[in-house]
Amino acid sequence: MSHQGYVGRRLPKADAKDKVTGRAAYINDVARPGMLHAKILYSAQPHALIKRIDTSKARRLPGVRAVITGEDIPDIPLGFKQDNRPLKKGKVRSTRDEIAAVAAIDPEVAAEAIDLIEVEYEPLPTVFSPEEALADGAPLIHESDARGKPNKSNKLKLPWRLNCGDVELGRAQSKYIAQGTYRTTWVSHCCLGTSGVIAEFDLKRNLTMYSVTQIPFLAQNDYLGALRAMGLSDSAVRVKCQTIGGGFGSKLDTHCYEFIAILLANATGKPVKIQFTREEEFLAQATRQPTVMEISQGCDHQGKLTFREVHMLLDNGAYTSWGATTPSVMMVPISSLYQVPNVHFVAESVYTNNLYAQAMRGYGNPQATFAVESNIDQLAEEAGFDPLEFRLLNANQSNTLTPQEFKITTCGASDCLEEVKKGLGWQAHKKAKAQGKNKSAEKACGVGVASLIHVGGGARVYRSDGTGMIMKLDDFGKLKVFTGAVEIGQGIETVLSQMVADSVGVRIEDVDIVAHDTDICPWDVGTHASRQAFVTGNAACHCGRALRSKVFELAAAQMEVEPEDLDMRESVIFVREAPEADGERVPLAQRGDSLPLAKVLRKAHFAKQGEMVVAETFYDPPNEMLDKEFKGNLSCSWAFGATGVEVEVDLKTGHVTILKYLAAHDVGKALNPMLLEGQIYGAAVMGTGFALSEEVKLNQGRVVNGNFLDYKLLTALDKVPVTPAIVETLDSAGPFGAKGVGESGCVPVAPAIANAIYDAIGVRLSDLPMTPEAVLAALKERFPDA
Amino acid sequence: MKHLDYYRPQSLDEALALKGERGAEALFIAGGTDVMVLGRQKKLDCAALISLRGLAELTQMKLEGDTFFLGAGVTLSRILNSPEAARHLPILHDAVQVMGSTQMRNVATVGGNVMTAASSGDTLGPLLCLEAVCRLVSAQGERRVPMHEMFTGPRVTAARADEILLGLDIPLPTSGDRKSSGCFIKLMRRAALDLALINVSVQLWLDEAGETIAKARVAAGVVAPTPVRLVESEEALEGAPLAEALKEQAADHALGRSCRPRDSDRCSSWYREEMVRVLVPRAAGRALNRMGIDAGQVG
């Protein structure tokens, strides 16, 4: 490793210029010769039998090249529970159900043809909440499971149950207990780039997918499965990711539309493009997992936590994507946020006729932390503690083992809380409040805090958490780095370049990242779980070391020194120590002698029996999959943080304004403070939207606000005045000491705001989003005479 | 969006002739910020669009004597950037400031806002309070319709199918040395790119001594099928000492007749009702502030 100092520097994103000047080619911009455009017909009913589909008028429309329905396609099971199909046959279970698709010469003709398809439904009884779905006699959404075994209820066969210590004992040891019920709803990722894909077969019937996926290599496997079902067992699949306009977890699964594009490309022999409209994005792109969470926690007379018990009911919607597996990460804060010896957690997912849910930034952690951290405030009040001091008292510490058997190595939890305390002026505010100075007739101010724990050293959610990397040096000293990581706006290509340059000892200008192509790049399990900076960074360190030794061997031979005598900085190889004279031979090189890297490489290529300089690594972090009891060290380092906010509540309108926002994060090491702050700002706005304004509203299973007018994504004018505070704990497992940070920022936002609202007005909001109407209603209920 | 005929007339006469030809099956389009949305929602019930963009007759904005003429084709951005509008018509200036986004304000027109006649149209309450007069032209000549007679139903105006809104004559509220100011408040779920949950407009005129409210105009949007004047609230304010303006009782009067908010996916009726009560006195207080009166002391 070379100490050039690219790591730690504020470097702007490598792709920023392309993006702001419009040069970056998003899937919207990409076209293939002879390409057709496809549109999808979605169900008009939330739960119904399809009695008849008549596509004859659509087929007759000039410009239409293919119309397909569930009847025309082979069986292609999709999703985590294999309960979904690209096009539904015989029955629809939600209004997002795809039932037919058209490929035509342009999107307008395809849309017109969609309107010409006639569908006759026989409506079935519906269920729109998990409680209804569990009631006796509730209609079954799925009559049988993927194996054909009849279902007895709408409950998913997916029990999540974590038991650590003895919760009953903990309860008995408690002096104070607090309980609460919290609810979160559907929210959308709102990627500015809507979903899209081009599927194209060549004449050998190999498939290329021009894609926006976060998981090119797992997607490749899913597409191959579909090809097998289509009788194309010998076909290969190449996934080429385009510039991606946001991921946030929405592209961690393969989706129905991608398979529809494949089916239509196969049917027409032409490349077929599907590009979602914004309305489609709200309807057919799965959401964040909604929750109903019952929680209770206790502490002893000293304020030490004694137990935590959480029961969750999850609306799975009509099909199963990653949403149903988010309890695996909800467990992280439930078992391991603060030191709590006894933990019990049960989560149940239930089919309904609603939208289904998938991965979204934090993967269940923001929901679970909303319950845990709101309830911590309740408990602190019950026990008579200042909420921040109560958290410090119970904060996670370095070198501890949590009840779920997470090995916490470095931990900046307390430092983060102290940063909030200082940055927010916590004590000054509390003093002002004690004197009644935080209130007027119309406004009240309050402060609130919430902490977070999240995976920071990869996460073994699949059997592999690995990533491959290949480095290749060319004749001119340019370094190509082949990675399976996907750039989804988080800046991995920039941060990776910094780490590569410092690992190898080359100029950052000479580093070029080659990514987004499964034919060229080595395997990677996916861009998820805040893992890319951590895993590709470690891969870069290993691979860089291998590459350096190859370079030094070549240079040593050319300079007639030992490889150990050499160092390289800024692409110049130099002799670190004067080689000792060996008998009669006088060494050619002496201390300070140097050779440009490019010269060494050219010599190597043009020498007799020449050599090329390539290195490869497969890095798989030493973390563990959760065992049958859901225990094990899921991540090899753990990220911590605390967010504190000061809010002003308009007592007459219920409107909440954020006056101060302090986000403290233990990131191990800030690889690029500018990009890190970008992650924190973005997460703050996403978290604030989740807390205050965002909600996909469903009425009888229908999306009623599927557009940016009525879905209240915050705007640039809704300033969240974020002040980031960076805590560096230099974790030895991480590259240059770093931990992952991609998701952390949005984890503690909602409870911090809810706690601040409570501090301001004495009313606890337990359902998200906390809209002005909800705040005012809660105020009126709590203080009917005011 | 379905296929429509599209016309781009170069003069008002040409536009009127086209409209005469196509009649009710043609719709005028100016900035397109409403029409195009309806098109995407498949709610556009017409066969042709006639663009009014850039017609010289419609794009004037000028102060002549005691009348502020606002051409129908004046964009919201031009109003926002007009020092005269800011000085003389702060109530309208308030409204324009919180409409859509910069990009939308650059194309959206005040005439479009009037003719769309949505209950939520943010310029409509201010124009009602300012007692603006709509100047409608057709092949037959010009007709003047006061704002309060303009909105005959949800998204329906008093304009005939052959008429074009030329612009609005706004009598200057401060003419003849009268002390007057106004304020518009829009309740939104976010700071931009939002429709009003409700909006409230208050314009106050003081008596010569500056101690009582001589005249009040109060209007609200999204509390009824059309933007409405809250006449009872006006009556409660008129003749009252300044302090009355700041009491919620002044707004209570409004809730009887013209104010009939309903539940929608965006907001509950109780909240809308409550917000009228809160925002009318707030707007009145700010209007007083703008006349140099310390509302805190008055209240």
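## Two cavities around one helix

About 50 Å³ of space lies in the second largest cavity of this predicted model. Its walls come from Gly196(A), Val197(A), Ser211(A), Val212(A), Thr213(A), Tyr223(A), Lys251(A), His255(A), Tyr257(A) and Glu258(A). Two elements of chain A, β9 (196–201) and α7, each give two or more residues to that lining. Sorted by character, the lining residues come out as four nonpolar, four polar and two charged.

What volume does the largest cavity have? It comes to about 50 Å³. Lining this one are Leu78(A), Gly79(A), Asn84(A), Asp253(A), Thr254(A), His255(A), Cys256(A), Tyr319(A), Thr320(A), Ser321(A) and Tyr356(A). Here the split is four nonpolar, six polar and one charged. His255(A) turns up in the lining of the largest cavity and again in that of the second largest. Altogether, the model holds five cavities of 30 Å³ or more.

## Helix α7

Now for the helix itself. α7 of chain A covers residues 256–268, and at 1.5 Å a residue its 13 residues should span 18 Å; the end C-alpha atoms are indeed 18 Å apart, so the two values agree. Right after α7(A) comes Gly269(A), which has a positive phi, near 70°.

Is α7(A) largely enclosed or open? Ten of its 13 residues are buried, so the rest of the structure largely encloses it. The buried ones are Cys256(A), Tyr257(A), Glu258(A), Phe259(A), Ile260(A), Ala261(A), Ile262(A), Leu263(A), Leu264(A) and Ala265(A). Some of these also face cavities: Cys256(A) helps line the largest, while Tyr257(A) and Glu258(A) help line the second largest.

## Ser744 in its loop

Further along chain A, Ser744(A) sits in the loop between β30 (722–727) and α18 (749–761). Is Ser744(A) buried or exposed? Its relative accessible area is 1%, and buried means under 20%, so Ser744(A) counts as buried.

Which residues does Ser744(A) touch? Leaving out residues up to four places away in sequence, they are Leu452(A), His454(A), Ala639(A) and His665(A).

## Where chain B meets chain A

How many residues take part in the contact between the chains? On the chain B side there are 24, and they are in contact with 30 residues of chain A. The area buried between the two chains is about 2200 Å², with carbon and sulfur atoms giving 47% of it.

In chain B, the residues that lose the most area to chain A are Arg189(B), Arg190(B) and Arg282(B). Together, these three arginines give 33% of what the chain B side buries.

How values were computed
Residues numbered from 1 in each chain as written. Chains lettered and ligands numbered in written order. Predicted model: local features only at pLDDT ≥ 70, side-chain atom pairs only at ≥ 80, totals over all residues. Heavy atoms only, no water. Helix = DSSP H or I, 4+ residues; strand = E, 2+ residues; numbered from the N terminus. Expected span 1.5 Å × (residues − 1). Buried < 20%, exposed > 50% of the residue type's maximum accessible area, 1.4 Å probe, protein only. 1 Å grid on protein atoms, 1.4 Å probe; cavity = no way out; pocket = protein on both sides within 12 Å on 5 of 7 lines; lining within 4 Å. Points joined across faces, edges and corners; volume = space filled by probe spheres on them. Nonpolar A, V, L, I, M, F, W, Y, C, P; charged D, E, K, R; others polar. Contact = heavy atoms within 4.5 Å. Buried area = accessible area lost by both parts, 1.4 Å probe.
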